[in-house]
Amino acid sequence: GFSRCMSAYKELAGYQPDLVEDVQFCTENESENTPCDANSWGTPAWYYADADESKSSPILAGIFSQGQCDGETGVPGVYTRLSYGPFQDFIKEQICELSSNPPSDCP
């Protein structure tokens with residue numbers, strides 16, 4: 001979980017990000033296919049509400065925000081948690097304001 005993520009980053013020399021569990025989440029063991037550089041910031045993290053992925057649509061959980069992974073360190077990637085209240089409010093405001101076909105619950 002999050003404590004494992006914090007521990008992994010404390011063990012790295014020269015890279016100590018500020019991690020806040022309410023605002024961020026970490027992925028588990030990273031691989032060479034995991035976003036890890038400046039070109040990858042904003043990469044989505046999805047999950048499925050149902051264990052059988054064919055029975056549910058993907059849900060956007062977060063966006064890649066920082067990491068120190070190179071495929072060898074096994075250090076988790078850090079994602080911004082989109083369910084965090086202020087972020088959720090901002091995203092909804094932008095969708096309502098900028099969408100040509102806004103959701104019915106927009107003011």
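What is the handedness of the disulfide of C96 and C106? The torsion about the S-S bond of this pair is about -80°, so the disulfide is left-handed. The cysteines belong to a predicted model, and the paragraphs below place them in the fold, beginning with the overall picture.

The protein averages a pLDDT of 80, and 81% of its residues score at least 70. Confidence varies among the elements: helix α2, residues 85-98, has the highest mean pLDDT, at 92, while helix α1, residues 2-10, has the lowest, at 82. Two helices and four strands make up the list of elements. Followed along the sequence, they come in the pattern α-β-β-β-β-α, a handy guide for finding one's way through the model.

The four strands form an open sheet, and their order in it is β1-β4-β3-β2, with antiparallel pairing. Strands β1 (24-26) and β2 stand at the edges; each has a single partner strand, so one side of each is left without a neighbour in the sheet. On average, neighbouring strands of this sheet are turned by 40° against each other, direction ignored. Helix α1 packs on the sheet, where it touches β1, β3 and β4. The direction of α1 makes about 80° with that of β1.

A walk across the sheet can start at the β1 edge. Strand β1 pairs with β4 in the antiparallel sense over three bridges, and here C26 stands opposite V78 in β4. Next comes the pairing of β4 (residues 78-81) with β3, antiparallel again and made of four bridges. Two residue pairs help to locate this pairing in the model: F64 stands opposite Y79 in β4, and I63 has T80 of β4 as its bridge partner. In a regular strand, side chains alternate between the two faces of the sheet. At the other end of the walk, β3 (residues 58-66) pairs with β2 (residues 44-48) over five bridges, also in the antiparallel sense. One of the facing pairs there is A45 and G62, the latter in β3.

Some totals describe the protein as a whole. Of its 107 residues, 30% count as buried. About 7,300 Å² of the protein is exposed, and carbon and sulfur atoms supply 49% of that area. Among contacts with a separation of 6 or more, 51% are accounted for by residues 24 or more positions apart.

How many disulfides does the count come to? It comes to two. A disulfide is a covalent bond between the sulfur atoms of two cysteines. One of them is formed by C5 and C26, whose sulfur atoms are 1.9 Å apart. This pair links distant parts of the chain, with C5 in helix α1 and C26 in strand β1, 21 residues apart. The torsion about the S-S bond of C5 and C26 is about -60°, so this disulfide is left-handed. Are these two cysteines buried or exposed? Both C5 and C26 are buried. The link can be read together with the sheet described above: helix α1, which holds C5, packs on the sheet and touches β1, the strand that holds C26.

The disulfide of the opening question joins C96 to C106, with an S to S distance of 1.9 Å. It too links distant parts of the chain: C96 is in helix α2, C106 is in the segment after α2, and the two are ten residues apart. C96 and C106 are both buried. For C106, the relative accessible area is 15%, and because buried means under 20%, this cysteine qualifies. The position of C106 can also be judged from K92, which lies 14 residues away along the chain. The C-alpha atoms of C106 and K92 are separated by 8.1 Å.

Taken together, the predicted model shows an open sheet of four strands with antiparallel pairing, a helix α1 that packs on that sheet, and a helix α2 joined through C96 to the segment that follows it.

Methods. Residues numbered from 1 in each chain as written. Heavy atoms only, no water. Pairing = 2+ DSSP bridges. pLDDT = per-residue confidence, 0-100. Axes fitted to C-alpha atoms, helices over the stretch in contact; angles between N-to-C directions. Contact = heavy atoms within 4.5 Å. Buried < 20%, exposed > 50% of the residue type's maximum accessible area, 1.4 Å probe, protein only. Areas by Shrake-Rupley, 256 points an atom, 1.4 Å probe, with all protein chains shown as cover. Disulfide = S-S within 2.5 Å.
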